[in-house]
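Subject: Structure for you to look at

Dear colleague,

I am handing over the structure we spoke about, with the sequence and the coordinates shown just below. After that you will find my notes on the side-chain contacts, beginning with the charged residues and then turning to the aromatic ones.

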Amino acid sequence: TYVWLPVSRTTLRWTTGATVRYENFERRNVAFQREVWNIGISSFLQWEYFINYNWRLTLNAGVVSNLTYADSGNARNLRPFFNVQSNYAIF
């Protein structure tokens with residue numbers, strides 16, 4: 001995660017991550033003998049702008065990918081996203 005503060009009202013945050021999981025099912029039954037690799041990769045950028053003391057605008061954009069490699073077959077997916085959010089706090 002990297003955080004930049006270019007001006008007093010703006011925060012930019014870039015977060016990137018990866019996960020790897022390996023599963024190996026070894027039993028005496030032939031139906032349970034398989035190997036599975038799951039690989040997840042994500043990256044997103046968040047921009048926060050403080051309009052005033054109570055009001056904040058947030059934009060999120062990024063991509064999440066998941067790869068599965070197994071003896072029975074492979075699966076890949078890629079999910080981009082974009083989100084706009086506005087928060088107003090009443091004290």
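Under the rule applied here, the count of salt bridges in the structure comes to 2, and please keep in mind throughout that this is a predicted model. As general background, side chains that carry opposite charges can pair when their charged atoms come close.

One of these salt bridges joins the side chains of R21 and E23, with a distance of 3.1 Å from N to O. R21 has a relative accessibility of 46% and therefore counts as partly exposed, and E23, at 23% relative accessibility, is also classed as partly exposed.

Another salt bridge is formed between R56 and E48, where the closest N and O atoms are 3.8 Å apart, a value that falls within the 4 Å allowed for such a contact. Here R56 is partly exposed, with a relative accessible area of 28%, whereas E48 has a relative accessibility of 12% and counts as buried, because that class covers values under 20%.

Turning to the rings, the structure holds 6 aromatic pairs, and I describe two of them, Y2 with W14 and W55 with Y88. In general, a pair of aromatic rings is described by the distance between the centres and the angle between the planes.

Y2 and W14 form a stacked pair, with 6.0 Å from centre to centre and 25° between the planes. Y2 belongs to strand β1 (residues 2-4) and W14 to strand β2 (residues 10-25), so this pair ties together parts that are 12 residues apart in sequence. Y2 is exposed, its relative accessible area being 52%, while W14, at 36% relative accessibility, is counted as partly exposed.

The rings of W55 and Y88 have centres 6.5 Å apart and planes at 70°, so this pair is edge-to-face. The pair links distant parts of the chain, since W55 sits in strand β4 (residues 55-70) and Y88 in strand β5 (residues 73-88), 33 residues apart. W55 is partly exposed, with a relative accessible area of 36%, and Y88 counts as exposed at a relative accessibility of 52%.

Finally, when the ring pairs are followed from residue to residue, they link Y2, W4 and W14 into a cluster, which brings W4 into the picture alongside the stacked pair of Y2 and W14.

With best wishes

Key:
Residues are numbered from 1 along each chain as its sequence is written. This is a predicted model: local features need pLDDT of at least 70, side-chain atom pairs count only at pLDDT 80 or more; totals for chains, interfaces and linings use all residues. Side-chain values use heavy atoms; hydrogens and water are left out. Rings of Phe, Tyr and Trp (its six-membered ring) pair if their centres lie within 6.5 Å; planes under 30 degrees apart count as stacked, over 60 as edge-to-face and the rest as tilted. Helices (H or I, at least four residues) and strands (E, at least two) are DSSP runs, numbered from the N terminus. Buried means under 20% relative accessible area, exposed over 50%, partly exposed in between (1.4 Å probe, protein chains only).
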